[in-house]
Amino acid sequence: MLLLSASLAGCSFAPDYVQPSLPVPDSYAVVTPEGASLAGRDWEQVFPDPELRRLVAQALANNRDIRIAAARVAQARGAWRIEGASLYPQLDAVATGTRGQAFYSLPVIGDQIVDVKSITAQLSASWEIDFWGRLRNLKEAAREQFLASEESRRAVATDLIAQVALGYLLEREYEERAALTQQSITTRQETLRIMRRRYEVGSGSKLDLAQSQVLLAQADTTMHVLNLDRAVNRNALALLVGQPVEIAPGSLRLAGPGGDYQVPAGLPSELLTNRPDIVAAEHQLRAANANIGAARAAFFPNISLTGAYGTTSPDLDGLFGGNSEVWSFSPTIRLPLFNAGRLKGNLDVAQARRDEAVATYEKTIQSAFRDVSDALVRRRQIALQIGTTRQLVDAQRERARLAQLRFDNGRSTYLEVLDAQRDLFDAEQALVQLRRGELSSIVSLYAALGGGFVVNRGIAAAPSGNQGEP
């Protein structure tokens, strides 16, 4: 009998889990350097700037989305504990006291109203024997939901650190563009002073003076726009970090020569273990699989044992005296016969949710593949644009020098200088934007690959699949 019970206790009606096939190509269209995926590196190796590290640490400690995700993990852990408790006997200490009156009609004595008093103290136990695996499957589903919530928290951390890094790069872009704009403003203010003086002494035209005023106004307008964009970006960073931010002046020299950034992407199959949203989707799929087992088990008999042992007495001082012992034992078996299709409906719902989880898992993989492919294409195209724009900046700088020389020698109008300086200014601004875009593409690629945002940076890692009770 014991062997039969043990064998029945080990059965489960959950379908065997089969991981869906990879719904994406085996490799990316853009060839990347060989080697371990960029996602395997710790984020501090990818983002060595100390100011950025400080902002990231503050964000992990203070960001409200992180706190929301942590609270959801705690909720899922509690739900797992609740489902796991159902597998064990429940034991309660119960004390009751009763006092009242009862009407009795007795032979000889006649009708009587009798005072009734009773005090009972007992241990009450109940246990549902999980023959068909219903409770175990519910516990397994709750466990998978807990693991999914852990991965979701890691996904929030991944996105958070990437957003902080992108915002920091924008801050440095605005800072460098503002420095270039201020240099242009200073130069154009001096040019305007010279043009005004030449006009006053009659050696220059009013048109040249007006053109120099236009050139200065354009630079001033650009500075105002940059200050606005910079303030908005600071506000966005403050929301991410969870407190007002102060960023020390610095420069990434975005207009200078670019570094040789090696960004191996690995294989699409590595996304299955690197991307926290994909791992979370797989845990959701496993949970849906377990819920099917629980829904199937509900069709079979439910066996539960209930018992109590204690003492009872009409008076408190006689509660533990002789002949006060009471006990009860009530095994119950319940077999569903007719429920108007409720159990079949529960099974249909569980199977449909499993199908939904499969589609969600496959879509998450496809979205991850697209994110990586977009980041790789963007990085390659930006690199090509940077090379072209650097050549353009050099050519525009030489053009501006020659235009100024021709104007100084009276061989051209100031309009030629105006056009050359304006085009040079625009090219320099575009080069800074492209260099920031190149660095941002690395951040986006790192996040798309899954990121190395784990464990010891204020975010706990997800437990392994073999973890025991919470």
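In this predicted model, the count of aromatic pairs comes to seven. A pair of aromatic rings is described by two values, the distance of the centres and the angle of the planes. W132 and F300 make a good example to start with: their ring centres are 5.2 Å apart and their planes meet at 35 degrees, an arrangement that counts as tilted. The two partners come from distant parts of the chain, being 168 residues apart. W132 sits in the loop between β2 (110–129) and α5 (134–201), while F300 sits in the loop between α8 (276–297) and β3 (302–313). F300 counts as partly exposed because its relative accessibility is 33%, which falls between the 20% limit for buried and the 50% limit for exposed. Both rings also belong to a wider group, as F13, F131, W132 and F300 form one aromatic cluster.

Aromatic rings in this model have charged partners too. R286 lies over the face of Y17, at 4.0 Å from the ring centre. A similar placement is found for R188, which lies over the face of F425 at 5.1 Å from the ring centre.

It helps to step back and look at the whole chain. There are 10 helices and four strands. Following the sequence from its start, these elements come in the order α-α-α-α-β-β-α-α-α-α-β-β-α-α. The chain has 470 residues, and 38% of them count as buried.

Empty space can be examined as well. Rolling a probe the size of a water molecule over the atoms shows where such space is left. The largest pocket holds about 730 Å³ of space. Its lining is made up of 38 residues, and those nearest the centre of the pocket are L138, N291, A294, A295 and A350. The elements giving two or more residues to this lining are β2, α5, α8, β3 and α9 (342–408). Among these, α9 gives the most, with 11 residues. By chemical type, the lining of the largest pocket divides into 22 nonpolar residues, eight polar ones and eight charged ones.

Two helices named above, α5 and α9, each offer a residue to look at more closely. R153 lies in helix α5. With a relative accessibility of 13%, R153 counts as buried, because the limit for that class is under 20%. In sequence, R153 and A71 are 82 residues apart, yet in space they are 9.6 Å apart, from C-alpha to C-alpha. Turning to helix α9, Q396 is found there. Q396 is buried too, with a relative accessible area of 12%. The side chain of Q396 is joined to that of R399 by a polar contact of 3.2 Å.

A last residue to look at is A340, in the loop between β4 (325–334) and α9. Although A340 is not a glycine, it has a positive phi of about 55 degrees. Is A340 buried or exposed? Its relative accessibility is 65%, so A340 counts as exposed, the cut-off for that class being over 50%.

Notes:
Residues numbered from 1 in each chain as written. Predicted model: local features only at pLDDT ≥ 70, side-chain atom pairs only at ≥ 80, totals over all residues. Heavy atoms only, no water. Phe/Tyr/Trp six-rings, centres within 6.5 Å; stacked < 30°, edge-to-face > 60°. Buried < 20%, exposed > 50% of the residue type's maximum accessible area, 1.4 Å probe, protein only. Lys NZ or Arg CZ within 6 Å of the ring centre and 35° of its normal. 1 Å grid on protein atoms, 1.4 Å probe; cavity = no way out; pocket = protein on both sides within 12 Å on 5 of 7 lines; lining within 4 Å. Points joined across faces, edges and corners; volume = space filled by probe spheres on them. Nonpolar A, V, L, I, M, F, W, Y, C, P; charged D, E, K, R; others polar. Polar contact = N/O pair within 3.5 Å; in protein donor to acceptor, adjacent residues only side chain to side chain.
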